[in-house]
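Hi there,

Here is the structure I promised to pass on to you. Please have a look at it first, and then read my notes below.

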Amino acid sequence: MTVIKTNDTKETEQLGKRIADALTGREVIAFFGGLGMGKTTLTRAVAQALGSEDDVSSPTFAIVNEYKAKFNIYHFDMYRITSWGDLYSTGFFDYLDTGVIIIEWSENIENALPEGFVRIDIKPGESETERIFEIEGLNI
């Protein structure tokens, strides 16, 4: 496991670039962490580092947003997913192995995540803007 502390949004964006540099194009990246922990900020940084010019925003109501980049990026928000039926209705399983999948609120689908997924736990630090990222499954 790699543990990285960021002090502000700029450092979180730099972490996103490091993550992007380590990707091969078929990863499932699962974020675990509460509201306001920087999941969308990190997703935006990964997408931009991979060359996306798309507007990256949380797909709370759309469930999934697609961004064109070096690899296709599928950005899921599983906040409102509460059952296997809900998950199947998102088409989530159809996206596996088609690009980079980034999932917010992975806590809600943890039992459905594929083997070998990248786990990123995001926790608050000592200050309001400090974050601690615990990364498993990706060498950065």
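Let me begin with a single side chain: that of aspartate 77 reaches the backbone nitrogen of tyrosine 79 at 2.8 Å. Please keep in mind throughout that this is a predicted model. Aspartate 77 sits in strand S4, which covers residues 73-77. Aspartate 77 is buried but has no salt bridge, and the nearest side chain of opposite charge, that of arginine 80, is 6.4 Å away.

Methionine 78 belongs to the loop between S4 and helix H3 (84-89). Is methionine 78 buried or exposed? Its relative accessibility is 0%, so methionine 78 counts as buried. Setting aside neighbours within four places in sequence, methionine 78 is in contact with Leu87, Thr90, Phe92, Ile103, Glu104, Trp105, Asn108 and Ile109. Between the C-alpha atoms of methionine 78 and isoleucine 29 there are 13 Å, with 49 residues separating the two along the chain.

Now to the interior. The largest nonpolar core has 24 residues, and those touching the most other members are Ile19, Leu23, Ile29, Ile120 and Ile135. Two or more residues each come from helix H1 (9-22), strand S2 (28-32), helix H2 (39-49), strand S5 (100-104), strand S6 (118-124) and strand S7 (131-136). Another core lies apart from this one; it has 17 residues, among them Met78, Leu87, Ile103 and Leu113. As background, nonpolar side chains in soluble globular proteins tend to be buried together.

Isoleucine 120 is a good place to look into the 24-residue core. Not counting neighbours within four places in sequence, isoleucine 120 is in contact with Ile19, Ile29, Ala30, Phe31, Phe32, Phe133, Glu134 and Ile135.

Strand S2 deserves a look of its own. Why can S2 be called largely enclosed by the rest of the structure? Five of its five residues are buried, so the description fits. Both faces of S2 are covered: Val28, Ala30 and Phe32 are buried on one side, and Ile29 and Phe31 are buried on the other. S2 runs parallel to S5, to which three bridges join it, and valine 28 stands opposite isoleucine 101 of S5. S2 also runs parallel to S6, here with four bridges, and arginine 119 of S6 is the bridge partner of alanine 30.

That brings me to the charged residues. How many salt bridges does the structure hold? There are six. In one of them, glutamate 130 pairs with lysine 5, with 3.7 Å between the closest N and O atoms. Glutamate 130 is in the loop between S6 and S7 and lysine 5 is in strand S1 (residues 2-6), so this pair ties together parts that are 125 residues apart in sequence. With a relative accessibility of 9%, glutamate 130 counts as buried.

Arginine 119, in strand S6, forms a salt bridge with glutamate 110, the closest N and O atoms being 2.8 Å apart. Glutamate 110 counts as partly exposed because its relative accessibility is 36%. The side chain of arginine 119 also makes a polar contact of 2.9 Å with that of aspartate 121. Beyond four places in sequence, arginine 119 is in contact with Ala30, Phe32, Glu110, Glu134, Ile135 and Glu136.

A further salt bridge joins lysine 123 to glutamate 134, with the closest N and O atoms 3.2 Å apart. This pair links distant parts of the chain, as lysine 123 is in strand S6 and glutamate 134, eleven residues apart from it, is in strand S7. Lysine 123 is partly exposed at a relative accessible area of 37%, whereas glutamate 134 is buried at 18%. Salt bridges with shared partners also join Glu110, Arg119 and Asp121 into one network.

Last comes threonine 98, in the loop between helix H4 (92-95) and S5. Its side chain reaches the backbone oxygen of tyrosine 95 at 2.4 Å. Threonine 98 counts as partly exposed because its relative accessibility is 30%. Leaving out residues up to four places away in sequence, threonine 98 touches Arg26, Asn72 and Tyr74. Phenylalanine 71 is 27 residues from threonine 98 in sequence, and their C-alpha atoms are 8.9 Å apart in space.

Happy browsing, and all the best!

Technical notes
Residues are numbered from 1 along each chain as its sequence is written. This is a predicted model: local features need pLDDT of at least 70, side-chain atom pairs count only at pLDDT 80 or more; totals for chains, interfaces and linings use all residues. Side-chain values use heavy atoms; hydrogens and water are left out. A nonpolar core is a set of buried Ala, Val, Leu, Ile, Met, Phe, Trp, Tyr and Cys residues joined through side-chain atoms within 4.5 Å. Buried means under 20% relative accessible area, exposed over 50%, partly exposed in between (1.4 Å probe, protein chains only). Contact means heavy atoms within 4.5 Å. A polar contact is a pair of N or O atoms within 3.5 Å; within protein, one must be able to donate a hydrogen and the other to accept it, and residues adjacent in sequence count only if both atoms are side-chain atoms. Lys and Arg count as positive and Asp and Glu as negative; His and the chain ends are not counted. A salt bridge is a side-chain nitrogen of Lys or Arg within 4 Å of a carboxyl oxygen of Asp or Glu. Two strands pair if DSSP finds at least two bridges between them.
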